[in-house]
Amino acid sequence: MSPDACLFCRIVDGDIPSDRVAESERSIAFRDINPAAPVHVLVVPKRHEPNLEALAASSTEDLADVFSLVSRVAELEGVTDAHRLLVNTGAEAGQTIFHAHIHLLAGARFTEGRLV
Ligand code: 5GP
Ligand code: ZN
């Protein structure tokens with residue numbers, strides 16, 4: 001997909017509005033439009049890559065930065081000790097936006113011992 005047609009690239013560029021929580025040089029964080037938990041933030045590299053593995057292959061700096069921003073968002077939201085990270089890779093795993101992103105979820109009681 002060309003970055004021009006990518007929803008998250010357009011959010012990164014500010015062409016489409018989003019509820020931004022934090023930003024770094026290489027990544028942004030904004031609230032999910034359809035939250036699955038009281039805190040549901042998407043942490044997204046500014047560089048367009050279709051998934052996290054592709055991001056890792058193209059830039060370890062971008063990969064490290066996106067995780068640093070995850071930590072900062074958890075701090076800002078007050079959920080450093082109580083959150084879940086989720087990454088869907090591939091349509092079969094539920095990925096709908098093919099621009100790498102990490103879901104940070106918190107504020108819900110996650111069932112102990114169950115991943116999904
Ligand atoms: P995926 O299913 O690809 O892992 O996650 C994509 C996420 O993006 C979904 O949770 C969906 O609710 C969210 N999303 C889709 N469109 C928009 C949008 O226009 N703005 C925001 N803030 N989130 C969106
Ligand atoms: Zn993109």
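Mentor: Before we start, helices (H or I, at least four residues) and strands (E, at least two) are DSSP runs, numbered from the N terminus. It's a predicted model, with pLDDT of at least 70 needed for local features and 80 or more for side-chain atom pairs, while totals for chains, interfaces and linings use all residues. Residues count from 1 along each chain as written, chains are lettered from A and ligands numbered from 1 in written order, and side-chain values use heavy atoms, without hydrogens or water.

Trainee: Cool. How many residues surround ligand 1?

Mentor: There are 16 around ligand 1, and the closest are Arg31, Asp32, Thr96, His101 and His103. To count, a residue needs a heavy atom within 4 Å.

Trainee: Which element gives the most to that shell?

Mentor: That's H1, with 3 residues. Helix H1 spans 7-13, and strand S2 (27-31) also supplies at least two shell residues.

Trainee: And which side chain has a polar atom 2.9 Å from a ligand 1 oxygen?

Mentor: Asn88 does. From the backbone, a polar atom of Gly94 is 2.9 Å from a ligand 1 oxygen, and an N or O of Ile97 also lies 2.9 Å from an oxygen of ligand 1. The cut-off for such N or O pairs is 3.5 Å.

Trainee: How much of ligand 1's accessible area does the protein cover?

Mentor: Of the 530 Å² that ligand 1 has on its own, 83% (Shrake-Rupley, 1.4 Å probe).

Trainee: New topic: where's Val21?

Mentor: In strand S1, residues 20-23. Leaving out residues up to four places away in sequence, Val21 touches Ala29, Phe30, Arg31, Val41, Val73, Leu76 and Glu77 (heavy atoms within 4.5 Å).

Trainee: How many residues along the chain separate Val21 and Glu77?

Mentor: They're 56 residues apart, with 8.9 Å between their C-alpha atoms.

Methods: Polar contact = N/O pair within 3.5 Å; in protein donor to acceptor, adjacent residues only side chain to side chain.
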